[in-house]
Amino acid sequence: MLEIARQNGFAFDAVQMPLNVMDAHYDSFAKQVVPVLLERDIGVLGMKPMGDPFVLVSSTVSAVECLHYAMNLPTSVVITGCDSVPVLEQALRAARTFRPLSEAEVKSLLERTAQAARDGKYELYKTTHHFDGTYQNPQWLG
C-alpha cells in the first residue's frame, strides 16, 4: 500500500495498524511496516494492543502488559478502546505506570506469547474477515 501510494504521488502523514505482543510473531506490522514508516517520517498509530480482546483470551499476558508493550514500540500514539469506567481506569493505570521496557522484559513477553501467536489465532484482523467491514458489506463498493 505504501509503495503504490508513493508511486502515485500520495503521501501519508500517519498510518494506523494493530500493534501488540501477538503481532510480533505473525505477519508482523511492527517488523514489516513500522520501520518503513519511521524511515519516511510517517506517524505510527498503534491500535488493538489487546487484539479486541483476543490477545487477552490467550491468557498469556495481562491488559496492562499489552498496553505497556504497545507503548514501548516506536509509536506516535497507542489507541485503546475505553468502553467502561474500569477499562478507562486500566488504561490510565497503564499510562501512569509506563516506563520503557528493558530488552529482557520484551524478550520475556515475547517468549510467553510465542506459542499462542504462531498461527495468528488471536489476531482475527489478519486471519479472518471478522473485522472486515467491506467484506461484510460488499454493497459499499457499489
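The paragraphs below lead through the packing of helices, the pockets and some backbone features of a predicted model.

Because the model is predicted, local features need pLDDT of at least 70 and side-chain atom pairs count only at pLDDT 80 or more, whereas totals for chains, interfaces and linings use all residues. Residues are numbered from 1 along each chain as its sequence is written, and side-chain values use heavy atoms, with hydrogens and water left out.

A good place to begin is helix 5 (residues 63-72), where helices (H or I, at least four residues) and strands (E, at least two) are DSSP runs numbered from the N terminus. Helix 5 packs with helix 6 (residues 85-97) at an angle of about 50 degrees, their axes 9 Å apart; such axes are lines fitted to C-alpha atoms, for helices over the stretch in contact, and angles run from 0 to 180 degrees between N-to-C directions. Helix 5 is therefore oblique to helix 6, given that angles under 35 degrees count as roughly parallel, over 145 as roughly antiparallel, 65 to 115 as roughly perpendicular and the rest as oblique. The crossing of helix 5 with helix 6 is right-handed, a crossing being right-handed if the near helix is turned clockwise from the far one by less than a right angle, and left-handed if anticlockwise. In this contact (heavy atoms within 4.5 Å), helix 5 contributes Ala63, Val64, Leu67, His68 and Met71, while helix 6 contributes Gln90, Ala91, Arg93, Ala94, Ala95 and Thr97. By class, these are seven nonpolar, three polar and one charged residues, where Ala, Val, Leu, Ile, Met, Phe, Trp, Tyr, Cys and Pro count as nonpolar, Asp, Glu, Lys and Arg as charged, and the others, Gly among them, as polar.

Helix 5 also meets helix 7 (residues 103-117), their axes coming within 11 Å and crossing at roughly 125 degrees, which means that helix 5 is oblique to helix 7 as well. This crossing is left-handed, and it brings Glu65, Tyr69 and Asn72 of helix 5 into contact with Val106, Leu109, Leu110 and Arg112 of helix 7. The residues of this contact comprise four nonpolar, one polar and two charged.

Turning to the pockets, the largest has a volume of about 290 Å³. On a 1 Å grid over the protein atoms alone, a pocket is an open set of points where a 1.4 Å probe fits, with protein on both sides within 12 Å along at least five of seven lines, and lining residues have an atom within 4 Å of a point; grid points are joined across faces, edges and corners, and a volume is the space filled by probe spheres set on the points. Of the 15 residues lining the largest pocket, Met50, Asp52, Pro53, Thr80 and Gly81 are the closest to its centre. Asp52 and Pro53 are joined by a cis peptide bond, with omega about -20 degrees, and Pro53 sits in the loop between strand 2 (43-47) and helix 4 (54-57).

The second largest pocket holds about 240 Å³ of space, and its lining has ten nonpolar, one polar and one charged residues. Strand 1 (residues 14-18) supplies the largest share of that lining, four residues. Lys48, which also lines the second largest pocket, has a positive phi of about 55 degrees although it is not a glycine, and Lys48 lies in the loop between strand 2 and helix 4.
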